[in-house]
Amino acid sequence: MERTGKKYPALRCLSLMLTLSLSFPFAVPGAQKPEGMEEGQWERLQDNVLEYDELALRVEYFNPTILQIIDQVNEGYDTVRENILDYQETANDFLYLQEKAMKEMDFTSAYMYQMNRSIFRSMSSSMIKQEKKRGTTIERSTRQARKGLTSGCQQLMLAYNKMAVNKATLEKQIDLYGQMVAMYETQVQIGMATQTQLLSARASRDAAQTSLTALSDQMESIKSSLLQLAGWDYNSDVVIGTIPPADVSQIDDIDFAADKAIAPKNNYTIINMQNSSPNDADGDGKYENKDYLAKEQGLEQAMQQLSITMDSLYQTLFEKRAALAAAQTAFEAAQLKWDGAVRKYELGMLGQAEYLGEELAYCAAKASYQSADLDMTQAMLNYYWGVNGLGELTE
């Protein structure tokens with residue numbers, strides 16, 4: 001897996017998000033199907049396979065951090081509902097007092113009760129309007145966290161799939177090197193192979209096995225983190241799905257100028273800088289012109305840094321597309337060569353050692369192609385999130 005940083009902006013805040021998620025219980029009892037969602041889709045979200053296109057919905061409806069935010073918003077609106085009922089009850093009390101005063105010909109008191117009733121009805125009406133904004137408030141309150149957590153899940157699933165490619169390659173290598181060891185053990189006995197060849201095959205097999213063990217441990221760690229962010233227990237019996245092939249045709253549809261213009265308006269780091277107070281350079285509790293000027297200069301620098309990031313992310317799209325095309329060409333050539341090797345081996349025109357060597361080369365070319373495709377998806381995701389608020393500021 002490549003190191004985190006500019007190529008993986010979402011992963012820089014991922015450990016913080018995971019820590020936040022770990023603060024809350026992972027069981028999500030009583031989760032209700034959202035209105036408008038088909039029953040089949042809701043059931044798929046809760047089966048034992050986590051698909052790539054389910055990540056955003058798993059975060060939205062099952063991530064503990066998101067659920068905690070929603071609970072906090074709902075608690076506030078529960079108070080609003082209580083206030084509405086109290087105001088309505090008070091308004092009804094004043095109506096009773098008004099009618100009673102009218103019967104007693106106490107018009108002054110009746111007028112006062114009528115005014116108070118109007119006030120409480122108005123307050124109730126205002127609260128009802130506020131309550132209707134509950135969904136909007138939840139959406140706004142969770143938007144940034146949902147983006148960050150969804151991006152984090154995508155990064156983890158990509159990392160897991162890249163490791164899965166390497167794992168399949170290592171497993172094949174162990175199998176093939178094992179066959180080579182068995183072959184050389186026989187050939188050494190009859191003088192058709194050297195001890196060096198046998199030792200080399202054993203060393204290659206053992207090295208592949210060691211790498212596989214380490215990689216399997218890494219995959220389990222990545223899987224546990226992904227499951228927790230997606231709202232499962234870390235050790236749940238859930239299968240991590242594969243990443244769909246990258247759709248490189250989307251690159252040609254990009255309006256880079258428009259994306260680059262909107263990216264700063266979406267970027268949460270820049271938004272927070274705009275909404276924050278200037279730094280009080282003198283520490284006297286008063287903001288001076290130089291403080292506001294420093295803030296403006298900081299914003300301008302941040303804009304320039306994001307611009308550099310966007311240029312880099314956009315350029316990376318074409319670099320990864322070229323690398324994918326080259327890997328595909330190499331794989332197709334390896335496929336043809338492997339098909340030829342299979343035919344030759346079946347006809348007795350190719351020895352076992354050469355045959356196993358060709359199979360190893362074919363497996364390596366296939367893994368390179370699969371990895372290049374995942375790298376392409378990675379680049380497209382980085383660009384998408386760069387435009388949509390999560391772009392890193394170049395240091």
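This is a short talk on the helices, salt bridges and surface of one predicted protein model.

First, the ground rules. The model is predicted, so local features need pLDDT of at least 70 and side-chain atom pairs count only at pLDDT 80 or more, while totals for chains, interfaces and linings use all residues. Residues are numbered from 1 along each chain as its sequence is written, and side-chain values use heavy atoms, with hydrogens and water left out.

Let's start with the overall build. The protein chain has eleven helices and two strands. Both are DSSP runs, numbered from the N terminus: helices are H or I with at least four residues, strands are E with at least two. Starting at the N terminus, the order is α-α-β-α-α-α-α-α-β-α-α-α-α.

Now contacts, meaning heavy atoms within 4.5 Å. Take those between residues at least 6 apart in sequence: 78% of them join residues at least 24 apart.

Next, inside and outside. Buried means under 20% relative accessible area, exposed means over 50%, and partly exposed is in between, with a 1.4 Å probe and protein chains only. The chain has 395 residues, and 38% of them count as buried. About 22500 Å² is exposed, and carbon and sulfur atoms supply 51% of that. Accessible areas come from the Shrake-Rupley method with a 1.4 Å probe; for residues, only the protein chains shown count as cover.

On to salt bridges. A salt bridge here is a side-chain nitrogen of Lys or Arg within 4 Å of a carboxyl oxygen of Asp or Glu. How many does the structure hold? It holds nine.

One of them joins K172 and E359, at 2.9 Å from N to O. K172 sits in helix α6, residues 134-189, and E359 in helix α11, residues 352-390, so this pair ties together parts 187 residues apart in sequence. Is E359 buried or exposed? E359 is buried, because its relative accessibility is 11%. K172 is at 28%, so K172 counts as partly exposed.

Another bridge pairs E185 with R202, whose closest N and O atoms are 3.0 Å apart. Here E185 is in helix α6 and R202 is in helix α7, residues 195-229, so the pair links distant parts of the chain, 17 residues apart. Both ends are partly exposed: E185 has a relative accessible area of 32%, and R202 has 28%.

A third example is D206 with R205, at 3.3 Å from N to O. D206 is partly exposed at 40%. R205 is partly exposed too, at 27%.

There is also a network of salt bridges. It links E139, R143 and R146.

Now cysteines. A disulfide is a covalent bond between the sulfur atoms of two cysteines. The cut-off used is a pair of cysteine sulfur atoms within 2.5 Å. How many turn up in the whole structure? Zero. Two cysteines to look at are C153 and C363. C153 counts as buried because its relative accessibility is 0%. C363 counts as buried as well, at 16%.

Last stop, the surface. M102, M105 and F107 form a nonpolar patch, with about 320 Å² of accessible area together. Patches are made of residues with over 30% relative accessible area and no salt bridge; like charges are joined within 9 Å, and nonpolar side chains (Val, Leu, Ile, Met, Phe, Trp, Tyr) within 5 Å. Where is M102 found? M102 is in helix α4, residues 64-103. M102 is partly exposed, with a relative accessible area of 40%.
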